[in-house]
Amino acid sequence: MAKLSVKVVTRAVAGASYEVHIGRRLLGRSVGPLAKGRRVLLVVDSNVPATSIGELVGAVERAGKQYAVLPVLTSEKAKTLGTVAKVLEAAATLSLGRDDLMIAVGGGVLTDLVGLAAGLHRRGCQVVHCPSTLLAMVDGSVGGKTAANIEVDGRLIKNGVGVFHQPVRVVCDMDLLASLPERTFRAGLAECLKHGLLGGAFADATLWDETVLAVERGPVVGSAGLPALVARNVRLKAAVVALDERETRDDLPGGGRMALNLGHTFAHAIETLHGLSWFDGRRVRRGTLLHGEAVGLGLICAATLSAELGCCDRGFADRVRLAVGLAGLPVEVGGLPPDSELLARMGSDKKVKGGRARFVVVSDDLRPAVRSDVAPSLVRAALAAIRTSQGRKRR
Ligand SMILES: NC(=O)c1ccc[n+]([C@@H]2O[C@H](COP(=O)([O-])OP(=O)(O)OC[C@H]3O[C@@H](n4cnc5c(N)ncnc54)[C@H](O)[C@@H]3O)[C@@H](O)[C@H]2O)c1
Ligand SMILES: [Zn+2]
């Protein structure tokens, strides 16, 4: 299969545009030649099998680099400044210079953390992202946002700290997905659906239909169509980033980069909660949602809110719910706290501006907009769309 390539044009730092390579057996050939410097710090998600990075390590060795491999156990709980400090210590131990290279192989948690460490190490060193989940390929590793969670008064603030630090390359090697649990793979489809819902404003009005078709067919790891789907999502994200790299232009038609937060005001309020229950299409699961699962539910809330506000019709909101379900993602969840607590959690989200939570809304013609004038009663109505029937009675 030929390698696909998408260019991400960035302007904040001169000459900082970069390529996203998408294909198979890329790790050994796409990353190696990049490092100008002598040293490489490879930070690898512990759940990525050692055999998957063999070719990459071989390429670094053949290039004569001095290198170290740092395995990192990732989770939203471990997405902390403490983990960033471990990466920084490993970089300092290796005497990694600004021309040297960090390489991150992992999911969105790892690429966010290593991106942040790379932004901080000697005020910024080069980083290559090799995303190993679908979600990190289509979204997390592209666009230069980095993050760690912080805790304030016992409450976890998702992505509460971070810097913008663009990678010098992103390598999406489909072979890395072979070891991914199906649940984690499906979680990535939520960000694909999100991109589809934004397509009309960012030059890809057919992405929504294409994505719904793909989830209907049930895209599987190794399928011939998957690299093209990833490339289309990366192109959409690159188009948004090129317009509004630092998310300062929510006045632009479509809401600029803020549009990529579609569903996320809701998702961030529920994704760190424990003791939830939901049906995954086969059985009832209990525990904490994955980021992508929370995003799927957030998309249903956002579409319901959009219908309440008259931005789209109810039928469209129903179709969003159907698509999330077709992707094998939960469409409702039990054990959510009362609306008042969820509203308070939304109030401490980083998307708050001037004391008001901001919501991205969708329209039937796939042109999002940012709204900060949303009445709490409408947010409650949106939350009711993802509560199980018992939960609706209790709220
Ligand atoms: N920076 C951005 O623009 C951006 C965009 C979207 C999401 N994100 C962030 O991404 C994170 C979610 O990313 P995610 O869904 O990739 O979750 P994740 O990084 O937690 O990975 C999910 C699970 O899969 C495991 N895993 C990763 N690759 C594997 C592989 N190849 N084989 C087996 N197991 C593997 C991980 O260890 C983890 O247990 C969130 O924290 C979110 O905030 C960031
Ligand atoms: Zn997301």
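**Note on a two-domain model with one ligand**

1. The buried residues of helix α7 pack against three helices: α6, α8 (226-243) and α11 (314-326). Keep in mind throughout that this is a predicted model.

2. Which residues of α7 are buried? In this helix, which spans residues 207-217, they are L207, W208, T211, A214 and V215. Viewed down the helix axis, these buried residues fall within an arc of 125°, so they line one face of α7. The spacing makes sense: an α-helix has 3.6 residues a turn, so residues three or four places apart point the same way.

3. Now turn α7 around. On its other side, D209, L213, E216 and R217 are exposed. Just past the helix comes G218. The phi of G218 is positive, near 80°.

4. Next, the domains. The domain assignment splits the protein chain into domain 1 (4-180) and domain 2 (207-394). Their C-alpha centres are 26 Å apart. Across the boundary, 31 residues of domain 1 are in contact with 21 residues of domain 2.

5. What does domain 1 bring to this contact? β1 (4-8), β2 (18-23), α5 and β8 (155-161) each supply at least two residues of the side that touches domain 2. β8 gives the most, with six residues. By type, this side of domain 1 has 19 nonpolar, six polar and six charged residues.

6. The largest nonpolar core has 125 residues. Within this core, M102, L299 and A302 touch the most other members. Helix α10 provides the largest share, ten residues. Why does the core lie between the domains? Domain 1 and domain 2 both give residues to this core, so it lies between them. As background, nonpolar side chains tend to be buried together in soluble globular proteins.

7. Take A302 as an example. Leaving out residues up to four places away in sequence, A302 touches L262, G263, F266, F359, V360, V361 and V362.

8. Finally, ligand 1. How many residues surround ligand 1? There are 29, and the closest are N47, G107, G108, V109 and T133. Four helices give two or more residues each to this shell: α4 (108-120), α5 (134-140), α6 (182-198) and α10 (291-308). The shell divides into nine nonpolar, 14 polar and six charged residues. Both domain 1 and domain 2 give residues to the shell, so ligand 1 lies between them.

Terms used:
Residues numbered from 1 in each chain as written. Chains lettered and ligands numbered in written order. Predicted model: local features only at pLDDT ≥ 70, side-chain atom pairs only at ≥ 80, totals over all residues. Near = placed C-beta within 6 Å. Nonpolar A, V, L, I, M, F, W, Y, C, P; charged D, E, K, R; others polar. Domains from an automatic or database assignment. Contact = placed C-beta atoms within 7 Å. Buried ≥ 20, exposed ≤ 12 C-beta atoms within 10 Å, placed from the backbone. Arc of directions from axis to C-beta. Core = buried A, V, L, I, M, F, W, Y, C linked by C-beta atoms within 7 Å.
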